[in-house]
Amino acid sequence: MQIDPKKTKSPAKQSENEEETPNLDAVLETSFEDKVQRYWNKNKLSLIITIPLCFILVGAFQGYKMVEEKEVIELQNAYQNAYESDTLDGFIGENSETLIAGFAALKLANEAYKSEDYQGALTYFKQAEQSLDDQAMKSRASLGVAFSSLNIDESEGIILLQALLDDPSKLDTVRAEAAYALASKASSEGATDKAKAYAKEIQTLENAGSWSFRINQFL
């Protein structure tokens with residue numbers, strides 16, 4: 001694979017972007033599967049919410065409406081029991097339409113992905129996607145589905161990432177994240193023009209966040 005010489009950067013500029021913009025040679029030498037795993041491990045906190053915060057959100061969303069109602073108390077107790085007895089899987093199946101089940105599914109999805117059980121992660125991310133009503137969290141679960149699929153069937157994962165990028169109803173940060181993964185894939189295959197096109201697409205997203213800076217390696 002022929003790689004164009006890199007543009008020379010000033011030491012100050014290079015130092016400033018050292019962590020945010022990885023060396024392109026290193027990127028191309030690393031397998032795409034390794035990059036996906038490393039990327040997920042580094043950024044999983046942007047996708048997964050912790051259990052204490054789950055309780056806060058559940059209390060704000062469901063508890064606000066029915067704080068004294070028996071159903072809510074029973075649901076919270078059931079979740080606590082399932083969490084303590086390591087039976088969240090069953091709790092999710094029995095309460096799949098509830099918000100707390102969606103967060104529980106995200107927790108299990110993250111654990112499965114971290115242990116490289118991508119099929120299990122895919123199942124839990126799909127369950128979270130169905131249970132969560134909040135567009136932001138639902139989009140994050142969709143991103144988890146795409147990354148899990150990428151490790152099982154690369155072509156399917158690429159299709160799902162492209163679908164996220166093309167969906168204007170998704171958060172700009174989620175679309176940018178999908179585009180960045182696609183750009184990395186194209187770059188690893190030597191398709192520099194394609195990688196550059198994805199990078200430029202990120203630039204068109206108004207709220208792409210830090211992804212607007214991470215694409216410098218592809219431009």
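Among the contacts in the chain that join residues with a separation of 6 or more, 57% are between residues 24 or more positions apart. Keep that figure in mind as you look at this predicted model, and let us begin with the chain as a whole. Its secondary structure comes to 13 helices and zero strands, so if you read the elements from the N terminus on, you meet α after α, right to the end of the list. Of the 219 residues in the chain, 45% are buried.

Before going into detail, it helps to ask how far the model can be trusted. The average pLDDT of the chain is 76, and 68% of the residues score at least 70. Two stretches call for care. Over residues 1-29 the pLDDT stays under 50, and the model gives this stretch 26 contacts beyond four places in sequence. Residues 46-53 also have a pLDDT below 50, with 18 contacts in the model beyond near neighbours in sequence. Where pLDDT is low, predicted coordinates should not be read in detail.

Now let us turn to how helices pack. Two packed helices are described by the angle between their axes and the distance between those axes. Start with helix α7, which spans residues 99-114, and helix α8, which spans residues 118-131. Their axes come within 8 Å and cross at roughly 160 degrees. That angle makes α7 roughly antiparallel to α8, since angles over 145 degrees are counted that way. The crossing of α7 past α8 is left-handed. On the α7 side, the residues that meet α8 are L99, G102, A105, L106, L108, A109, A112 and Y113. Across from them, α8 contributes Y118, G120, A121, Y124, F125, Q127, A128 and S131. Sorted by class, this contact has twelve nonpolar, four polar and no charged residues.

Between these two helices, have a look at the loop that joins them. E116 lies in the loop between α7 and α8. Its phi is near 65 degrees, a positive value in a residue other than glycine. Is E116 buried or exposed? With a relative accessible area of 53%, E116 is exposed, because the cut-off for that word is over 50%.

Next along the chain comes helix α9, residues 135-152, where you will find S139. At 0% relative accessibility, S139 counts as buried. Which residues does S139 touch, once those up to four places away in sequence are not counted? They are K170, L171 and V174.

A second serine, S149, also has its place in helix α9. S149 is buried too, with a relative accessible area of 6%, a value that falls under the 20% limit for buried residues. Leaving aside neighbours within four places in sequence, S149 is in contact with L122, E154, E156, G157 and L160. You can also follow S149 to I159: the two are ten residues apart in sequence, and their C-alpha atoms are 9.6 Å apart in space.

Moving on, helix α10 (residues 154-166) packs with helix α11 (residues 172-188). Their axes are 8 Å apart, at an angle of about 140 degrees. How are α10 and α11 described, given that angle? They are oblique to each other, because 140 degrees is not over the 145 needed for roughly antiparallel. The crossing of α10 and α11 is left-handed. From α10, the residues E154, I158, L161, Q162, L164, L165 and D166 meet R175, A178, A179, A181, L182 and K185 in α11. This contact divides into eight nonpolar, one polar and four charged residues. E154 may look familiar, as it is also one of the residues in contact with S149.

Helix α11 has a further partner to visit, helix α12 (residues 192-203). The axes of α11 and α12 come within 8 Å and cross at roughly 165 degrees, and the two helices are therefore roughly antiparallel to each other. Their crossing is left-handed. On the α11 side the contact is made by A176, A179, Y180, L182, A183, A186 and S187, and on the α12 side by K194, A195, Y198 and I202. By class, the residues here are nine nonpolar, one polar and one charged. Notice A179 and L182 of α11: they take part in the contact with α12, and they also meet residues of α10.

Notes: Residues numbered from 1 in each chain as written. Predicted model: local features only at pLDDT ≥ 70, side-chain atom pairs only at ≥ 80, totals over all residues. Heavy atoms only, no water. pLDDT = per-residue confidence, 0-100. Contact = heavy atoms within 4.5 Å. Helix = DSSP H or I, 4+ residues; strand = E, 2+ residues; numbered from the N terminus. Buried < 20%, exposed > 50% of the residue type's maximum accessible area, 1.4 Å probe, protein only. Axes fitted to C-alpha atoms, helices over the stretch in contact; angles between N-to-C directions. Parallel < 35°, antiparallel > 145°, perpendicular 65-115°, else oblique. Left-handed = near helix turned anticlockwise from the far one by under 90°. Nonpolar A, V, L, I, M, F, W, Y, C, P; charged D, E, K, R; others polar.
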